[in-house]
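Trainee: I am new to this structure and would like a close look at a single part of the picture, namely the salt bridges. Could you take me through them slowly, and say where the partners sit?

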Amino acid sequence: MSLWKRISSHVDCEQRMAAYYEEKGLLELRLCLAPWIEDRIMSEQITPNTTDQLERVALKFNEDLQQKLLSTRTASDQALKFRVVELCALIQRISAIELYTHLRSGLQKELQLVTEKSVAATAGQSMPLNPYNMNNTPMATGYMDHSELLAVSNSCNPPLVQGIGPIHNVQNPGIASPALGMVTPKVELYEVQHQIMQALNDFGNCANALKLLVQNYGYMLNSTSSPNAEAAYRSLIDEKAAIVLTMRRSFMYYESLQEMAIHELKNWRHHQAQAGNGAPFNESSLDDIQRCFEMLETFIAHMLAAVKELIRVRLVNEESELTHLLEQVQNAQKNLVCSAFIVDKQPPQVMKTNTRFAASVRWLIGSQLGIHNNPPTVECIIMSEIQSQRFVTRNTQMDNSSLSGQSSGEIQNASSTMEYQQNNHVFSASFRNMQLKKIKRAEKKGTESVMDEKFALFFYTTTTVNDFQIRVWTLSLPVVVIVHGNQEPQSWATITWDNAFAEIVRDPFMITDRVTWAQLSVALNIKFGSCTGRSLTIDNLDFLYEKLQREERSEYITWNQFCKEPLPDRTFTFWEWFFAIMKLTKDHMLGMWKAGCIMGFINKAKAQDDLLRSVYGIGTFLLRFSDSELGGVTIAYVNESGTVIMLAPWTARDFQVLNLADRIRDLDVLCWLHPSDRNASPVKRDVAFGEFYSKRQDPVTGYVKSTLHVHVCSNGDNGSTRGTPHHAQESMQLGNGDFGMADFDTITNFENF
């Protein structure tokens, strides 16, 4: 059954691919020559990786296609002849490269749809067709015929050439593919595992055929001449050709499965970065991804052994074809093994020098290659952004001694031996006591600061499998290195922006300098909600949007607006203001914020309007974050005159003396809390804040109890206030009466008092 018939067994798949081919007017050609196009492209001996190769392959394909169409014109069916004439004219109008690349990419899309929709299983026969059964054949012990492997775990995709590339990645729901401009469905990991297992089982169907081929080949070599020798020889050639074709189809199908598994790992790492901002993250899904990698390693190892077995059957001069297939299989295996080396526990992304931290790396191949029997040591250095870019984009090859000299700093305890856990098949190296002692910074340009500079921890190791050297490496998420706590807010701006808006695949550590408000609002909500335990409301987000946009109205928010340009009439940026509020809420108002007692992000005008509209009137109040002071919270309330009063803001320094709930309890002018939920009703002050009041402690025997109280200072102007609310004068309780505090400034003999 042709691949197209499998696609057409699902209406949605057929419609999707029909639309794809119709873009170039090639649907009729795809339908008319479906089996021929599949066999011709899937059996290509050379995968074009350069422009010259692509041009040669495309021209040869175009020539063969025209010959196939011309041979079809001899049919007696007049309608068919007419269609062939039209198709020949179409071929003349489209360039050979454009025609070939569109059809080849279409087949790759179809193969992926076969995997996603399990078309193969439902059609009665799954891809690949009749592959080799390695379960009944002795396995070859060799791993790769390469002197070394160099891992580029962040650059797994093969290069794109004139529109030809790997099968399109499977995205997460809601993540659009930039190349396609559309959202593609997510393939669940269990489906990928099922497809790999099914492919492995199907790969066993031609074991007997290969065994028979090898057996008959041996008979032919050892037998004397016979009348049927030529016929037997030609029969062996046909059998081997069929197996080679099956192997090519199997490998093409394997590539789609591997691409899916690698992309799922990239998605996992992308979610890991978003988790750095507080987004939900299912770390345990890495175990399922590892299972896919282990199964794929088994699959590709079986295929590698089968190709080597085919090479040993020398019938005609097809060594170059099989040698190329062998190279493709080896490269796929290298890509799989190298992509499986990742950072599973990230280091702190804002890293302070001389402060201990931890991280760990994991190799998702488990025990497949036997490396766990002689576990290697993983080393770690810190690289600047420029160094990381050079290493990744140029695929720099270095030995361990030269790598150690590339570090941009000095890290203590930067090596760890990998350990294998038999119970869960985890093969990892833990760095539990690392410490960055020194850092080398790049020269700054313009307004750049050390808080904008990104680094990354670079983990690498070398090991040997079957006398062949394997080198793998991986980069951590970007980190910002600081030396003082006052550098922390801006550093978190750099990291928050990067975690939220980095592409799944990128050069280190390229990031957009503007995003839509829809994107930024999600990031701010995740960040604030994870830090404080309660998400922002729509009204809160509307207020933040107004603050960022200022007088402008644009769909986009720039990096400069976010954390570089001061807010109007202020000396601080939006991020500094937002970060200070987040810290204040977490440190001093967490319970009250979670309970919905603090409205928070609302401007003065709206706060005043909401309070004046309240049905409870006098004594109604709300808490809002200050616009004018970093990390401040203020109270707006309706006084006895029906006027809204705004108290000067309190900050963390004030709450170190007396907490917010106790301050609210001291102010008798506050009666009803205006709800943060627009659909709720005001709540009595003591009901809303009662659980947060401090308990009054009984005086300790032999000591005089002192208390602090807050009151609003009036200047006689309708209850208006000036300055921050003051603490009432401390009072001491002595025996049965109250006495004023002693004025120590008037005491001349203090020691004898």
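Mentor: Let us begin with the term itself: a salt bridge is a side-chain nitrogen of Lys or Arg within 4 Å of a carboxyl oxygen of Asp or Glu. This is a predicted model, in which local features need pLDDT of at least 70 and side-chain atom pairs count only at pLDDT 80 or more, while totals for chains, interfaces and linings use all residues. Residues are numbered from 1 along each chain as its sequence is written, and side-chain values use heavy atoms, with hydrogens and water left out.

One salt bridge joins the side chains of Glu 110 and Arg 30, at 2.8 Å from N to O. Glu 110 belongs to helix α7 (residues 96–117) and Arg 30 to helix α3 (residues 27–32), so this contact ties together parts that are 80 residues apart in sequence; helices (H or I, at least four residues) and strands (E, at least two) are DSSP runs, numbered from the N terminus. Glu 110 is buried, with a relative accessible area of 0%, and for Arg 30, also buried, the value is 0%; here buried means under 20% relative accessible area, exposed over 50%, and partly exposed in between, with a 1.4 Å probe and protein chains only. Arg 30 and Glu 110 are also linked with Glu 38 in a network of salt bridges.

A further salt bridge is formed by the side chains of Arg 441 and Glu 453, at 3.5 Å from N to O. Both residues lie in the loop between β11 (426–439) and β12 (455–465), twelve residues apart. Arg 441 counts as partly exposed, at 28% relative accessibility, whereas Glu 453 counts as buried, at 11%.

Lys 454 forms a salt bridge with Asp 498, and the closest N and O atoms of this pair are 2.6 Å apart. Lys 454 is in the loop between β11 and β12, while Asp 498 is in helix α16 (residues 488–501), so that the pair links parts of the chain 44 residues apart. Both Lys 454 and Asp 498 are buried.

By the rule given at the start, the count comes to 21 salt bridges.

Finally, a word on the strands: β12 runs antiparallel to β13, and eight bridges join them, where two strands pair if DSSP finds at least two bridges between them. Among these contacts, Thr 461 has Val 472 in β13 as its bridge partner. Strand β13 (residues 468–475) is mostly covered, with six of its eight residues buried.
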